[in-house]
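Please examine the model shown below. The report that follows concerns helix packing and the burial of selected elements.

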Amino acid sequence: MSGTQRTTVEQRWVLGLTSIGSVVVALDVLVVAAALTTIRHDLGATVEQLEWTMNAYSLSFAMLMLTAAALGDRWGRRRTFAAGLALFGVASVGCALATSTTALIAARAVQGVGAAVVMPLAMGLLGAAFPPERRGWAIGVFSGLTGLAVLSGPVIGGAVTEGLAWQWIFWINVPVAAAAVPLVMRRIPESTGPARRLDPGGAVLSTLAVLGLVWGVVRGAEAGWGSAEVVGSLALGGLLLVAFLIWQVQAPQPMVPPAFFRSRSFSAGNAAGFMLTAALFGAVFFLAQFMQVAFGSGPLLAGLRLLPWTATLFLVAPIAGRLVDRVGERPLVVAGLTLQAAGMFWISRVDAGAVHYADLVAPLIVAGCGVSMAMPATQSASIGALPPGAVGIASGIYSMMRQLGGVVGVALLAAVFAAAGGYGSFAGGFSRALAVCGVLSLLGALAGLGIGARRRTVQDVARQDLVQERR
């Protein structure tokens, strides 16, 4: 086998194995959505406990990605990636064997740690394996499969829950991880990155700050917004957040370089991405349950009924990605999040007590088209606002902000839902929660106005079209 052939075979293995890792961790972001009603009945879970089954995963996922990327650059990306996959598989066993919500939440948090290692190291391995002229194509395949996994989560979770049991949404991860780890060690060449100092102080402060703020929001409806627990949690989270910001200014190699946020487009893109994901994850959390409560759907049918919303990504996102290069990010972010807001407000106004599924199809499509327009544009605005040498850490920060947005969105909507009566008055709480999704989407649209206008010449557009055709 010639050197060129060997390199091509290695690249295929890298793309295939990193995509497998990305798919399993992305799938688990929303795979529990369609199973929430079943988990609530089986384990006697409250709305507060259900939201932590999603937030425990997203929180540890978000807060450890940048640290994991630095560890991989130092210890070896292949070795660290394989360790993350192994940890994810072991934690999946813990989720499947959980007999209480406490055990399930704890195992989900450990799953998130494994996911935080897998995702950034997958990107690092791809970047090391593919030359610049083929890297865009490889990342496009990788990102497409990852997006497919996220959107398929409710459908796959519903099918597995209804066909087998909710525990199997976690058991299916185990053979995948068990098969992938030895293949990773055998087929992927080792690579390292430039040595970077770790920022454990920043990681600890940011994690505890977010945990304190989210805990206060989650416990507000149950313990009372004026209770010592809630006030103390919110106050402590706020103080730790200030301490984190001060630490980042003084740290020699900060986890989140404050200088990046001097770029208006970078700040606005991350803020819009945060709000987009907050509305998206919060809506999935309640819409999957609403389909089962309002229509008596099984988990699988509930996931399928969300397809008018989720399937738009396959049709609209590729078009939006090409439009970014022609009109810039700002119009797509603002218009997309405005459409998402319109869809969410529309659903919130539907009479949940006497609704027909047909009444939801149009607003689901409107919201889906909106998020599909805005998603690639927010990422482009955030990453494209910085010099090429900062793309890696900029991508990590954007991913972290999106995951944190999901945590905050689920916590906020669940608090609104619980304050409106919770499961004892599902229709009223659902309507208010979806209205909050609309507000979050509008805030994202306002943030998008801060993205700088980008003008491209005719030659730039033609060159970009030529590259796309070659791919």
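The text below describes three helices and one residue in turn.

This is a predicted model, in which local features need pLDDT of at least 70 and side-chain atom pairs count only at pLDDT 80 or more, while totals for chains, interfaces and linings use all residues. Residues are numbered from 1 along each chain as its sequence is written, and side-chain values use heavy atoms, with hydrogens and water left out.

| Helix (DSSP run of H or I, at least four residues, numbered from the N terminus) | Residues |
|---|---|
| α15 | 329–349 |
| α16 | 358–384 |
| α11 | 264–295 |

Helices α15 and α16 pack at an angle of about 150°, their axes lying 7 Å apart; axes are lines fitted to C-alpha atoms over the stretch in contact, and angles run from 0 to 180 degrees between N-to-C directions. Helix α15 is therefore roughly antiparallel to α16 (an angle over 145 degrees). The contact of α15 with α16 comprises 20 nonpolar, six polar and one charged residues.

Helix α11 has 32 residues, which at 1.5 Å a residue should span 46 Å; the end C-alpha atoms are 45 Å apart, in agreement. The expected span is 1.5 Å times one less than the number of residues. Of the 32 residues of α11, 25 are buried (under 20% relative accessible area, 1.4 Å probe, protein chains only). Just after α11, Gly296 adopts a positive phi of about 65°.

Asn270 lies in α11 and is buried, with a relative accessible area of 1%. Leaving aside residues up to four places away in sequence, Asn270 touches Ser382, Ile397, Tyr398 and Met401, contact meaning heavy atoms within 4.5 Å.

Note on methods: Helix = DSSP H or I, 4+ residues; strand = E, 2+ residues; numbered from the N terminus. Parallel < 35°, antiparallel > 145°, perpendicular 65-115°, else oblique. Nonpolar A, V, L, I, M, F, W, Y, C, P; charged D, E, K, R; others polar. Buried < 20%, exposed > 50% of the residue type's maximum accessible area, 1.4 Å probe, protein only.
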